[in-house]
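Here are my notes for your first look at this fold. Keep the structure open beside you as you read.

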Amino acid sequence: MLIETIIFFEGVIVAGIAMKNLRLERQVRQHNENNRKACKIAAEFAPKGIGDSIWHIVRFFEKKYPHVRFDVVAERTFLPIMMEKKKFEDMVINLIKNAAEAVNKDGKVVIKAQSGGGWMMLEVCDNGKGITPALQKKIFLPKYSTKKKRHKGLGLYSVKKDLEACGGRVEVISESGKTSFRAFVPQRKIQAVVIEDEPVLKQILTLILKKAGVPVVAFSRFAQIDYQQVDVLYLDIMLWGKSCLAEYAKLRQNNPNLIIIFISGSEAHEGLEDILRQDKRAALLLKPYHESEPVDKLINLLAKN
């Protein structure tokens, strides 16, 4: 009888904790949904890229907080991240809103976004009064807020929870007159190979991809590469005066999921039009190209596949 009673009460406690967590999750979802509605971030209006989403959200806060100066240093295109777009936007909204409400009349909020080392880092800084070390340990707890009672204290808790769920993390650095929240979001791991026989162009393309955080190796001709271990191939169509389109069927057979970005100074190659029309994992990069185009092509293909 005693054992049965203990088991009963343990079940009641577990059920109570589960119900409490469920209510908390519902409150977080409602909190984020209210923020999104205020920012008019909906599926039919949402910008395509991560950088565009940041700029779109900042534009809203510029109107809502006219006394705050917002500075943005962010690329408009990033490699895909291991975080749902909706949750990423919720995180951006929560961090910027938190910063805007922490500053006074002559407030300033700086938003930076950059990638490197397999991470996309979003940093939101404000020139508010700062957060004491004691409070820094509490601000990510659910329903804890240093602001007025109308604040539910769910924003930073939501940010931490969603980041940890995708393998990311958030950190805060604060002193008197300056607070910085840094969110680290893991990027999708991509291995690229460049095959280009013009040394300068090969070097330029390699540097562009590395700057975007893409691990890349480069060759001047076809080499003994295990293409099953490669995610994307940048292939100059004309190598040493000969067309490489004959190798296309073999490449696609060895790796059906391989993304192939052909490089050429012309669209007039026999068979190329048919390949681009039928293969959703292939694209053409025309020379001369802008610095952003090689990464833009890759991002567009990854989004479709």
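Which residue in strand 5 is the bridge partner of Trp119?

1. Start with that pair. The model is predicted. Trp119 has Pro186 as its bridge partner in strand 5. Trp119 belongs to strand 3, which covers residues 119-126. Strand 5 covers residues 178-186. The two strands run antiparallel, and 8 bridges join them.

2. Now step back to the whole sheet. It is open and has 5 strands. Their order is 1-2-3-5-4, and the pairing is mixed. Strand 1 (69-74) and strand 4 (169-175) are at the edges. Each has a single partner strand, so one side of each has no neighbour in the sheet. From one strand to the next, the twist averages 10 degrees.

3. Next, look at what lies across the sheet. Helix 3, residues 85-100, lies across strand 1, strand 2 (108-116), strand 3 and strand 5. Helix 3 runs at about 20 degrees to strand 3.

4. Helix 3 also meets another helix. Its axis and that of helix 5 (residues 155-165) come within 9 Å. The axes cross at roughly 145 degrees. The crossing is left-handed.

5. Which residues make this helix contact? From helix 3 come Lys87, Met91, Asn94, Leu95 and Asn98. From helix 5 come Gly155, Leu156, Ser158, Val159, Asp162 and Leu163. By class, the contact has 5 nonpolar, 4 polar and 2 charged residues.

6. To retrace the path, begin at strand 3, which is joined to strand 5 by 8 bridges. Then find helix 3 across strand 3. Finish where helix 3 passes helix 5.

Notes. Residues are numbered from 1 along each chain as its sequence is written. This is a predicted model: local features need pLDDT of at least 70, side-chain atom pairs count only at pLDDT 80 or more; totals for chains, interfaces and linings use all residues. Side-chain values use heavy atoms; hydrogens and water are left out. Two strands pair if DSSP finds at least two bridges between them. Helices (H or I, at least four residues) and strands (E, at least two) are DSSP runs, numbered from the N terminus. Axes are lines fitted to C-alpha atoms, for helices over the stretch in contact, and angles run from 0 to 180 degrees between N-to-C directions. Contact means heavy atoms within 4.5 Å. A crossing is left-handed if the near helix is turned anticlockwise from the far one by less than a right angle, and right-handed if clockwise. Ala, Val, Leu, Ile, Met, Phe, Trp, Tyr, Cys and Pro count as nonpolar, Asp, Glu, Lys and Arg as charged, and the others, Gly among them, as polar.
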